[in-house]
Amino acid sequence: MKSTLRPSDPSPRVSDVTEQLSAPQARRIFLAAQGLAGRRPRRTPRAPHFAAYLERQGIVQLDSVNVLARAHYLPFFSRMGPYDRAALDSYLWSADTFEHWGHEASVMRRDLLPAMHHRMMRPNAWKAAVRDELERERPGLLQAVVDAVAADGPLTAGELEHLAPRSTPKGSWWDHGHVKTALEYLFITGGVAAGRLPTFARTYDSTDRGWGVPPAADGDWGLTTEAAYQVLFDRALAATAIGTPRDLADHFRLLAPRIFTAANTAPLAASAVERGLASWVTVDGWAEPALLARGAEQPARVGAAALLSPFDPVCWYRPRLERMFAVDYRIEIYTPAPKRIYGYYCLPFLLGDQIVARVDLKADRAARTLIAAATWREARTAPGARRRADGEVASALAAELATMAEWLGLDCVRVEPLGDLSAALLASPATT
C-alpha cells in the first residue's frame with residue numbers, strides 16, 4: 001500500500017508563527033503533556049488511571065528485558081507511583097487494547113487499530129523473504145497455523161510446535177523455529193492477533209476473537225495510508241503537546257519506512273494547524289519551528305521526581321532528548337561490557353524539569369535488593385536551567401530508589417561505589 005503523500009517545504013511562513021517560547025517553557029509543556037509535571041497523586045492507580053494514560057499517549061512500548069522490570073511497567077510507575085502490576089496487565093491485554101508494531105512492539109488503544117491496518121498490509125523485503133522461505137521449506141504451514149489458531153486459540157508457539165517440529169535443538173533466545181516464524185509473520189501482517197500470559201509469553205488468537213475484525217487481508221476496516229498517518233500524527237501531538245514535525249512523527253515511528261521522509265510531515269503539520277489543533281511557534285535554541293497543541297498546559301514550574309525507563313516516551317526520540325534536556329543517551333544493553341560507559345540498564349532521573357542524573361539499576365530478586373550498580377550526574381544542564389547541587393540530586397534519587405524498591409517487593413537498596421554521584425548517594429540515609 002504505497003503512500004501518495006507528496007513532500008513539500010516543511011517550514012511554515014514567518015507570518016504563520018504565532019508565539020516564541022523559551023527552552024524551559026517548551027520543556028515544561030512537554031513534561032506536562034507526558035504526565036510528569038507534578039507530584040504523583042496519593043490514590044492507588046487502577047484501570048481507569050491506566051486507561052487515561054493510554055488515551056493520552058496512545059501507546060506503551062514493550063520489551064522483554066527484565067533486569068529491573070518489564071518496559072511497559074515503568075512509564076506508569078514514573079507517573080503514578082506504586083501500583084499493582086497484575087492490574088495493569090489485566091488492562092493492557094483487554095478488550096480496550098491491542099498489541100502491534102506501533103513504536104516498536106507496543107500496546108495501543110483499540111481505536112487506533114484501523115490506523116495500523118496499512119502497516120499490516122504494506123509490503124516489504126522482510127515479509128516477502130519470510131513468506132517465500134516458509135512456503136519453500138514448510139509448504140502449507142501458514143494456513144495450518146491460521147486454522148489451528150482459529151480453532152483453539154489463544155495458543156502459544158509451543159502449543160503449535162507439532163505442526164512443524166524442529167529438526168535441531170533450540171539455540172539462543174532469538175532462534176525461532178518455523179512455527180514461531182510463521183506466527184510472527186502472521187502477527188505482523190494482521191493474520192492473527194496477539195496477547196500475553198502472566199509470564200509475558202506471547203499468545204496468538206484469531207483476529208475475530210482478539211480484535212473483533214477479520215484478518216487484515218480480508219477486511220476493509222482499515223484507514224487509507226494518508227488518513228492513518230494523519231490520525232497518528234494528531235495523536236502524537238496530543239501526547240507531546242509541543243515538538244517539531246520530526247518529533248511528532250517519531251511517536252508512532254512514521255519516519256521508519258523509507259517511503260516516508262521528514263519532508264512528508266509537512267502536509268500532516270499543515271493539516272493540524274488548519275484544523276485548529278495546533279499553532280506554529282519558535283523555541284529559543286531550536287533550529288526548526290515547532291507545533292504547539294491547542295490548549296496545551298503551560299505550567300510555571302514542574303515538581304516531578306521520576307526514574308525514566310529507556311523505553312519511556314520522553315526518551316524515545318534522541319534528537320529531542322538532546323535538544324530539550326542536553327542529554328546524550330543510548331541504551332547499552334547490546335554494548336559489550338568493556339565498552340559500556342554508564343551501564344547495562346541505565347535509567348535517566350528527572351528532577352523538576354531537568355534530567356539530572358542516570359543510574360544503572362538491577363533488581364536482585366533472590367537477595368531482595370535493588371542494586372544501583374553505577375550512578376552518574378549529567379555532565380550538562382538543560383537549556384535555561386539552573387544546575388542543581390549533587391546533594392539535592394542524591395537525596396531526591398535516594399527517595400525515588402526506596403519507593404521503587406518497595407514497589408518491586410525488594411527489601412533494600414544497595415549502591416555500588418561506581419560513578420561520580422555514587423558517593424553522594426551512598427551518604428543518603430535511604431540507601432545502604
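With a relative accessibility of 26%, valine 273 counts as partly exposed, since buried is reserved for values under 20% and exposed for values over 50%. The model in which this value was computed is a predicted one. Valine 273 has its place in helix H12, which covers residues 265-274. If its neighbours within four places in sequence are left aside, valine 273 is in contact with Ala278, Trp280 and Leu291. Alanine 69, by contrast, lies 204 residues from valine 273 along the chain, and the C-alpha atoms of these two residues are separated by 39 Å.

From here the reader may turn to a sheet later in the chain. Five strands form this open sheet, in the order S10-S11-S12-S13-S14, and their pairing is mixed. At its edges are strand S10 (305-307) and strand S14 (412-415), each of which pairs on one side only. Direction ignored, neighbouring strands of the sheet are turned by 30 degrees against each other on average.

Following the sheet from S10, one finds that this strand and strand S11 (residues 346-351) pair in the antiparallel sense over three bridges, with alanine 306 standing opposite leucine 350 in S11. Further along, S12 and S13 run antiparallel and are joined by eight bridges; in one of the pairings, alanine 363 has leucine 370 in S13 as its bridge partner. The two strands S12 and S13 form a hairpin with four residues between them, and in the turn arginine 368 has a positive phi of about 55 degrees. S13 is mostly covered, as eight of its nine residues are buried. On the way to the edge, S13 and S14 pair in the parallel sense over four bridges, and the bridge partner of isoleucine 371 is arginine 414 in S14.

Across the sheet lies a helix. H15 lies across S10, S11, strand S12 (354-364), strand S13 (369-377) and S14, and runs at about 115 degrees to S11. Because a helix is expected to span 1.5 Å a residue, the 18 residues of H15 (residues 390-407) should span 26 Å, and the distance of 26 Å between its end C-alpha atoms agrees with this. Among the buried residues of H15 are Val393, Leu397, Leu401, Met404 and Trp407. Just after H15, glycine 409 takes a positive phi of about 75 degrees.

Tryptophan 407 also leads to the aromatic residues, for the structure holds 11 aromatic pairs. One of them is formed by tyrosine 83 and tryptophan 407, a tilted pair with 5.4 Å from centre to centre and 45 degrees between the planes. This pair links distant parts of the chain, with tyrosine 83 in the loop between helix H3 (74-80) and helix H4 (85-92) and tryptophan 407 in helix H15, 324 residues apart. Both tyrosine 83 and tryptophan 407 are buried. Another pair, formed by tyrosine 342 and tryptophan 376, is edge-to-face, with 5.6 Å between the centres and 85 degrees between the planes. Here tyrosine 342 belongs to the loop between helix H14 (318-325) and S11, while tryptophan 376 is in strand S13, 34 residues apart. Tyrosine 342 counts as partly exposed because its relative accessibility is 28%.

Ring pairs also link Phe50, Tyr53, Phe76, Phe77, Tyr83 and Trp407 into a cluster. Over the ring of phenylalanine 77 sits the charged end of arginine 40, 4.9 Å from the ring centre. Elsewhere, arginine 202 lies over the face of phenylalanine 187, at 4.3 Å from the centre of that ring.

Methods
Residues are numbered from 1 along each chain as its sequence is written. This is a predicted model: local features need pLDDT of at least 70, side-chain atom pairs count only at pLDDT 80 or more; totals for chains, interfaces and linings use all residues. Side-chain values use heavy atoms; hydrogens and water are left out. The expected span of a helix is 1.5 Å times one less than its number of residues. Buried means under 20% relative accessible area, exposed over 50%, partly exposed in between (1.4 Å probe, protein chains only). Two strands pair if DSSP finds at least two bridges between them. Axes are lines fitted to C-alpha atoms, for helices over the stretch in contact, and angles run from 0 to 180 degrees between N-to-C directions. Contact means heavy atoms within 4.5 Å. Rings of Phe, Tyr and Trp (its six-membered ring) pair if their centres lie within 6.5 Å; planes under 30 degrees apart count as stacked, over 60 as edge-to-face and the rest as tilted. A charge sits over a ring if NZ of Lys or CZ of Arg is within 6 Å of the ring centre and within 35 degrees of the ring normal.
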